[in-house]
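Q: I should like to take a close look at a single strand and then see how it fits into the rest of the chain. Please define each technical term when it is needed.

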Amino acid sequence: MKKYSFTILIEKDEDGGYIATVPELKGCHTQGDTMAEIMASIDEAIRLCLEVHEKDRIDVFNQNFVESRQLELVI
């Protein structure tokens, strides 16, 4: 069993729902109506990406992603 840690970017969409993206994994994104739904959906999307990587030997990892940072700015 492997342990992974992923960054999840969550944005509101124009309909009031949410879109979640995992920048470390190519094409790994999903949408949902609530935070609970989006977290369950992105968990499933990550698991599916990793399953494709393991079973089909397809490289799903985005080697171009470096990191996510938060910047606090006082103006």
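Along strand β3 (residues 29-32), which side chains point to one face and are buried, and which point to the other and are not?

A: The model is a predicted one, in which local features need pLDDT of at least 70 and side-chain atom pairs count only at pLDDT 80 or more, while totals for chains, interfaces and linings use all residues. Residues are numbered from 1 along each chain as its sequence is written, and side-chain values use heavy atoms, with hydrogens and water left out.

In β3, T30 and G32 point to one face and are buried, whereas H29 and Q31 point to the other face and are not. Here buried means under 20% relative accessible area, exposed means over 50%, and partly exposed lies in between (1.4 Å probe, protein chains only). In a regular strand the side chains alternate between the two faces of the sheet.

The strand belongs to a chain with 1 helix and 3 strands, arranged as β-β-β-α from the N terminus on. Helices (H or I, at least four residues) and strands (E, at least two) are DSSP runs, numbered from the N terminus. Of the 75 residues in the protein chain, 28% are buried.

The partner of β3 is considered next. β2 and β3 pair in the antiparallel sense over 4 bridges; two strands pair if DSSP finds at least two bridges between them. One of these bridges joins Y18 to G32 in β3. β2 also has two faces: Y18 and A20 lie on the covered one, and I19 and T21 on the uncovered one.

On to β1: this strand pairs with β2, again in the antiparallel sense and over 4 bridges. The two form a hairpin with 5 residues between them, and G16 in the turn has a positive phi of about 95°. I10 is found in β1 (residues 9-12), and its bridge partner in β2 is A20. With a relative accessible area of 33%, I10 is partly exposed. Not counting residues up to four places away in sequence, I10 touches Y18, I19, A20, M35 and M39, where contact means heavy atoms within 4.5 Å. The C-alpha atoms of I10 and M35 are separated by 9.1 Å, although these residues are 25 residues apart along the chain.

The interior comes last. The largest nonpolar core, a set of buried Ala, Val, Leu, Ile, Met, Phe, Trp, Tyr and Cys residues joined through side-chain atoms within 4.5 Å, has 13 residues. Those with the most contacts inside it are V22, L25, C28, I42, I46, L50 and F61. Both β2 (18-21) and α1 (35-56) supply at least two residues of this core, and the largest share, 6 residues, comes from α1. Leaving aside its neighbours within four places in sequence, I46 is in contact with F6, V22, L25 and C28.

In short, T30 and G32 form the buried side of β3, and G32 is the bridge partner of Y18, which lies on the covered face of β2.
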